[in-house]
Structure formats: C-alpha cells, structure tokens
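Reader: I am in my first year, and I keep losing my way in structures like this one. Could you take a close look at the aromatic rings and then show me what lies around them?

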Amino acid sequence: MRLRLTDLAIRKLALPSSGQRTYWDATTPGFGVRCSARSKSYVVMYGSRRRLKTLGRHPDLALSDARKRAKLQLAHHSSRSDEIGSFDYQSVLAEYLEDCKLRLRQTTTDGYARYLNAIRFTGPVDRVTRQDVMRGIRKYTNSPSSQNFAFITFKVFFNWLIKLQYLERNPLEGIGRPHAPSSRDRVLSRDEASALLRYTLGNRDRFNDIVSLLLMTGQRRGEIAGLRWEEIDGTRLKFASDRTKNKHAHEIPMPQSATDLIHSIDGGSTYVFGTSETDTPFSGWSRAHRRLLQVTELARFTLHDLRRTFATFHAEIGTPIHVTERLLNHRSGTISGVAAVYNRHSYLSEMADAVARYNELLAKLGETS
C-alpha cells in the first residue's frame, strides 16, 4: 500500500495482529514503514535485486532522519551495483555523526567527530585499508592516549557501517590498540602531592578545585566532576547508587580542607563545578590536564592516580585497609562475599577518625588548615 508518510500518518497506522504489512511512501520511492504485531520500522528497498534494509524503529528514529538514510542508500545503489561497500566515505561519515547526535551525549559525539574529521579519507569507504587508518592515526595524533582513542573511534565507526550494511568487514578487525595500557602503579610522592596541592589551591578554578578534591577525598573523577550541591551534607558526601561506579550508595566524611574548599565555591547551578549558563557537569579534561602537567612540571600522572595516591597515604598514616576501602567505596576487598552480607556496619566513626588524621597530612602538604 502506498501513502504519503507523515509523523501523524505513521502514528495512526494500526499494528496487524499477525504477520507484517508495509506502507510505501508516495514521495520517496523505495522508502516505507513496515508494521508488525509489536513495532513499526522504517525500511528501504534498493537495487535490481530489490534488497530490503531496516533503517530503524519508529519513534526512536525520526521520520526526517529515516528519509535521509533512505535517500543516501538509494543514491549509492544503482541498478547496476548491488554490492555492499560502494559508498562514498564522506557521505557515510556525515550520516554516522548525525546518528551519534541522536544516541550519544554531545561530548562523546564531539570526541568522535574530532578524530573522524581530522583523519580524512575520500572515495569509496570499502577502499579504506588498515594501513590507511593506522598511518592517519600516527600522523595526526601525537600522544599514546590520543592514538588509542582515535583507534577505538574508527573501530566503532566501521562496526556501525557493517551493522548498516555499508561495509562487509572492519579493516581494524583482529588488531589491538597502538599502545598497550601502562601498568596502573603510579603513585605521587609526598613532594609531588605537595607541589600539586600548592598549585591547585593557589590557582583556583573549576578544574584545579576538582583535582584538589580528588586527592583530598579519594573519590572517582566522574563523582567529583558531577558533584551536586544536594549531595553535600555539612561535612559529608552522600552519593546515591546511580552516581557510583559499583551502583552502591556511598556516604563518607570529608577532611576539613575539602569541606572548606567546597563551601568557598559560589553555587551558580545544580552542580558544584557546573555553570549557571549550561547547568551541566564539568567537561574539558584533556586541555586542562595538559596545562596542569605543564605548569607543575610533574611527571605524567592520570587523575585516577590521585585515587591510588590517596589509598597509599592512608596506608602510611595507619588507616586499616577495610576503612580505606570504605572510603573508596570498594566492595570487593577485605570485606566481601559472605562477610559483606553479614557485616552491615557503616564504619562512619572509623572513617571520620581516618579522615581527621589524613587532614593533618593534607595541611602539611598544601599548607591548608
């Protein structure tokens, strides 16, 4: 059946009790909506062999976007060429980034676009080889972490092309990232931690305050960057289960230095480190981290290394390991399995004692009070 497909017309289409029924668009030949007993899906029929491809489900995929995908599919498939892979690279890249905008966070999409647009290829997408991609990654990115991220970005992109039948195989299939991850053993010395705190506390901005709190509290980067005012209860941090990596609610006392730092921040949004203009958590890590390493002249460290440093310092001041694990919200350490089921003690008083002793160390490191 053929009709003029609009958002209203699609919503009114009844689902059959069994089987499938396809309604073809009167304005875009080959494009239609297939209704089954449970869903409505956009489809396109192309090529001399009248191949049928599903573009996405309604209403998850907007009609306008589905029609664009159908036109792209039809434009690249003439009656003389039914082979997968005869698609222009730049055209499918543009479609991929548009699809990312519909599915992913803006920061994730921007990260993908940065590498996919910087390392440019022309011509058919199936002509891009593994050597082409790896050569481009080495040419346009200079740090091991950037090269790894670029590699993963391209691998995800090619997998998406396979899913949509634009490509038969991933040219990066079977090979690993350009740089194997380094062992996770970096711990800042007391002198390094002192230099870091002196700088971040003496040069206050959102990123430097986050770095200070990471070392002061030992929490994860995302938890501190996304810290909300409602999660601060006087001298304690309270994270709901949906805000932690292990999905366990987490409550910890803060050292006095962290409490003073937080309460000196002007509250302009929902987030402690957000802005009143966007009311979103902090972003922009790479540039800020590079600048921090430059000005402090410290040997390279990741922000997660501050969490490891926090645990090491607690060991040095005599904090019991099970108390340190509570501070870190570790649930697979010394108290786990059957012991964790029966041990419901919150350890808040023990954590408070440990945090008070840790604050004395912080005062020596950063000249805080």
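Author: Start with a cut-off. A residue is buried when its relative accessible area is under 20%, and exposed when that area is over 50%. Keep in mind that this is a predicted model. Now try the rule on Lys247. Its relative accessible area is 55%, so Lys247 is exposed. Asn329 has a value of 2%, so Asn329 is buried. Across the protein, buried residues make up 46% of the 369 residues.

Next, the frame. The protein has 15 helices and 8 strands. Take the contacts with a separation of 6 or more: 56% of them join residues 24 or more positions apart.

Now the rings. A pair of aromatic rings is described by two things: the distance of the centres and the angle of the planes. Rings pair if their centres lie within 6.5 Å. With that rule the count is 17 aromatic pairs. Look at Phe31 and Tyr42. Their centres are 5.9 Å apart and their planes differ by 15°, and the pair is stacked. Where do Phe31 and Tyr42 lie? Phe31 is in strand S3 (residues 31–35) and Tyr42 is in strand S4 (residues 40–46), so the pair ties together parts that are 11 residues apart in sequence. Are these two rings buried or exposed? Phe31 has 0% relative accessibility, so it counts as buried. Tyr42 is buried too, at 0%.

Compare another pair. The ring centres of Phe121 and Phe154 are 6.2 Å apart, and the planes meet at 75°, so this pair is edge-to-face. It links distant parts of the chain, 33 residues apart. Phe121 is in the loop between helix H4 (106–118) and helix H5 (130–140), while Phe154 is in helix H6 (residues 144–163). Both of these residues are buried.

Step back and follow the ring pairs outward. They link a cluster that includes Phe121 and Phe154. Among the other members are Phe87, Tyr89, Tyr96, Tyr112, Tyr115, Trp160 and Tyr166.

Stay with Tyr166 for a moment. Lys53 lies over the face of this ring, 4.0 Å from the ring centre. Elsewhere, the charged end of Arg221 sits over the ring of Trp285, at 4.2 Å from its centre.

Return to the cluster and pick out Tyr89, Tyr96 and Tyr112. They also take part in a helix contact. The axes of helix H3 (residues 89–103) and H4 come within 10 Å and cross at roughly 170°. An angle over 145 degrees counts as roughly antiparallel, so H3 is roughly antiparallel to H4. Which residues meet here? From H3 come Tyr89, Leu93, Tyr96, Leu97, Cys100 and Lys101. From H4 come Thr109, Tyr112, Ala113, Leu116 and Asn117. By class, this contact has 8 nonpolar residues, 2 polar and 1 charged.

Now set a second helix pair beside it. The axes of helix H7 (residues 190–202) and helix H15 (residues 348–366) come within 8 Å, and they cross at roughly 75°. H7 and H15 are therefore roughly perpendicular to each other. Arg190, Ala193, Ser194, Leu197, Arg198 and Leu201 of H7 meet Leu361, Leu362, Lys364, Leu365 and Gly366 of H15. These residues divide into 6 nonpolar, 2 polar and 3 charged.

Leu197 and Leu201 turn up once more. Both touch Ser212, as do Thr200 and Leu261, leaving aside residues up to four places away in sequence. Ser212 is in helix H8 (residues 206–217). Its relative accessibility is 0%, so Ser212 counts as buried.

Finish with the backbone. Most residues other than glycine have a negative phi, and most peptide bonds are trans. Here are the exceptions to look for. Lys247 has a positive phi, near 65°. It is found in the loop between strand S7 (236–239) and strand S8 (250–253). Asn329 also has a positive phi, about 65°, although it is not a glycine. Its loop runs between helix H13 (321–328) and helix H14 (337–342). Then find His58 and Pro59. A cis peptide bond joins them, with omega about 5°. Pro59 is in the loop between strand S5 (51–58) and helix H2 (63–75).

Conventions. Residues numbered from 1 in each chain as written. Predicted model: local features only at pLDDT ≥ 70, side-chain atom pairs only at ≥ 80, totals over all residues. Heavy atoms only, no water. Phe/Tyr/Trp six-rings, centres within 6.5 Å; stacked < 30°, edge-to-face > 60°. Helix = DSSP H or I, 4+ residues; strand = E, 2+ residues; numbered from the N terminus. Buried < 20%, exposed > 50% of the residue type's maximum accessible area, 1.4 Å probe, protein only. Lys NZ or Arg CZ within 6 Å of the ring centre and 35° of its normal. Axes fitted to C-alpha atoms, helices over the stretch in contact; angles between N-to-C directions. Parallel < 35°, antiparallel > 145°, perpendicular 65-115°, else oblique. Contact = heavy atoms within 4.5 Å. Nonpolar A, V, L, I, M, F, W, Y, C, P; charged D, E, K, R; others polar.
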